[in-house]
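Morning, everyone. I will take the chains one at a time and then turn to how they meet. Please have the viewer open.

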Amino acid sequence: MRLSKIFKNTLLILTACLVLSACATKKEVATDSITGQMQGDVYTGTDTVEYLADGVPDRVFFATNESILTTASRETLRAQAAWLRKNPGINVVLEGHADERGTREYNLALGERRANAAKDYLMTYGISSDRITVLSYGKERPVDSGSNPLAWSKNRRSVTVKAN
Amino acid sequence: MLKIIIKLILILIPFNSYALIEVDITRGNLNPLPLAVSPLSIDENSRKNFEKILKKENIGSEISNIVEDNLRTSGLFNPLDKKAFLQAPDIANLKPRFEDWNLIKAQALITGKVNLVENKLRVEFRLWDVLAAKEMMALAFTTVPNNWRRVGHIISDKIYERLTGEKGYFDTRIIYVSEEGPKTQRIKKLAIMDQDGFNNKFLTLGNELVLTPRFNPTSQMVTYLSYFRNMPRVYLLDIETGTQEVVGDFPGMTFAPRFSPDGKKIIMSFAKDGKSDIYTMNLENRLVERITNHPSIDTSPSYSPDGKYITFNSDRSGYQQIYIMKKDGSDVKRISFGNGLYGTPVWSPRGDLIAFTKLHKGKFYIGVMRTDGSGERLLTENFYQEAPSWSPNGRVLIFYRETKTNAKGEGFSAKLWSIDLTGYNERQIKTPTDASDPSWSSLLSN
């Protein structure tokens, strides 16, 4: 049928676009890695980081579609746990976030999964689950409004916020 | 689309087969059916009265403009320029001079008239086959004058149905999320409008984040996600009365709500301890039922139109893919196997297709596949777009598209778009603010 020919042509064009766009994305990643603010696609810079106390960063970062804690993230969370043990009156909210490159509903779940990864780690370092609330914002509250791999890496995060 | 054209041909063949065989779908752009929408005629007395009530100089022309716009927007019809019309509206409605309409190549003609009868708007219209010189349909409605836009939509639906053999989708509304402000602090409100973008109304004030509103297919109820008091929960909203309530009593975030086809249940995800599962709540007896139980993220559930199956997306294979299962959660089967990630499956109201969002190599696609995952067809590709919602007749998809920001993070926008199931006729739906998460209502009439 002639109609199916049209679809085939459309597919061919789409495929061509894909091939082209794939190259473009790779280049972008490469440029940002050079700036030294990312390892793989996990943010390693400090631009957006705030501090709960001296030497206690408030956030950890994740790779695309992942909720695995990196070595640096675990170090941050151990510092948070130590600070929380010293300040037993303080409760926290763990706010999980995703970048804009995913569907809204899946990203809500992903943000929740990331915040829970941080929560589990705090709990293994002696913080009671009663002191921790988890809240996912999905992709609704980016810190960086850029549409590039570096901005996205800053937005894939779990932020520990004082609740009281 | 092919089906529609075949139906068009079938319907009109008895009148004149030669002209319609020329409908050419092989060139990639379809030849929409040329037709003439003659302005609805109106007597001077009625015209003046309506001008007072509705502040419209000629309500007859206004209503016929709605019909013309709807038919053009569908991509199936080509309403001809009124300047070329030879016959006056009132006389055309009594007895068209078919030679005149034939001369300007109109294959169908719509005529009609408007009156004020006991403070009500009375509209009659007729659809004529120009080539066969025959009346195809005649109907009359009486309603309150303020309903004049809906009258235009109902006429459009009747004509669409008569000429294509399928139900129309013009007398419908869209609920969506209105967006304003910088990307890092977006203010989002629920908003509702007619399918053509008119009668826009905001339903929330923007004090809390709201997402993913969806219509009940059988009533004027909406379910959506609200961050009221910073607790993301699924809510139920009656858009007639404005009353709202939380759906269920879950100790954590509920999200991704949708109604069952009979409107009696809400299906949604509940996230706890890093996993999200699918639940339903029966709105009559409030009973909550767990449908999936898996350490993965299971979300974006959508029922088949017969209510027997559910499609959803899950990352149980490692990445986001589309699955179907029976309504009780048994017989889970993965159906998406192409390259890339697949999300937001929505079952077509016709039952035969599932629309979805696909992410592959940095691009987002809206596509459709059969319910067994075969016949995947991508309709449109962009930097970011997602969340297709079907027109009630299963012919058109509405979705939202976001633009890429520049190096300074500027230039962000989110807009609603619609596209025909065939991949043709992509168009933006104008909204007063930026917009996302559209959901199409059922037909309001009939």
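Start with chain A, which along its sequence runs α-β-β-β-β-β-α-β-α-β-α-β. That comes to 4 helices and 8 strands, where helices (H or I, at least four residues) and strands (E, at least two) are DSSP runs numbered from the N terminus. This is a predicted model, so I should say that local features need pLDDT of at least 70 and side-chain atom pairs count only at pLDDT 80 or more, while totals for chains, interfaces and linings use all residues. Residues are numbered from 1 along each chain as its sequence is written, and chains are lettered from A and ligands numbered from 1 in the order in which they are written.

Chain A has 164 residues, and 43% of them are buried. Buried means 20 or more other C-beta atoms within 10 Å of the residue's own, exposed means 12 or fewer, and partly exposed lies in between, with C-beta atoms placed from the backbone. Of the chain A contacts with a separation of 6 or more, 69% join residues 24 or more positions apart. A contact here is two C-beta atoms, placed from the backbone, within 7 Å.

Now chain B. The domain bounds, which come from an automatic or database domain assignment, give domain 1 (2-164) and domain 2 (173-440). Their centres, taken over C-alpha atoms, are 35 Å apart. Between them, 6 residues of domain 1 of chain B are in contact with 8 residues of domain 2 of chain B. On the domain 1 side, helix 4 (residues 59-73) of chain B gives the most, with 3 residues.

Next, the cores. A nonpolar core is a set of buried Ala, Val, Leu, Ile, Met, Phe, Trp, Tyr and Cys residues joined through C-beta atoms within 7 Å. The largest one has 80 residues, and Y224(B), M268(B), I354(B), A355(B) and L397(B) touch the most other members. Leaving out residues up to four places away in sequence, Y224(B) touches nine-odd neighbours that you can click through, among them L190(B), V210(B), Y235(B), L237(B) and P257(B). Strike my loose count there; the neighbours of Y224(B) also include L211(B), T212(B), P213(B) and R214(B). A second, separate core of 33 residues includes F77(B), A108(B), L121(B) and V130(B).

On to two sheets of chain B. Strands of a sheet pair through backbone hydrogen bonds, either parallel or antiparallel; a pair here needs at least two DSSP bridges. One open sheet of 4 strands has the order 22-23-24-25 with antiparallel pairing. Strand 22 (341-347) and strand 25 (377-382) of chain B are its edges, each pairing on one side only. Strand 24 (residues 363-370) and strand 25 of chain B pair over 5 bridges, and F364(B) has N382(B) as its bridge partner.

The other open sheet has the order 18-19-20-21 in chain B, also of 4 strands and antiparallel. Strand 18 (298-303) and strand 21 (333-334) of chain B each have a single partner strand, so one side of each has no neighbour in the sheet. Which element of chain A packs on this sheet? Helix 3 of chain A does, touching strand 18 and strand 19 (309-314) of chain B. The direction of helix 3 makes about 145 degrees with that of strand 18 of chain B; axes are lines fitted to C-alpha atoms, for helices over the stretch in contact, and angles run from 0 to 180 degrees between N-to-C directions.

Last, the whole interface: 34 residues of chain A are in contact with 44 residues of chain B. Helix 1 of chain A gives the largest share of the chain A side, 11 residues.
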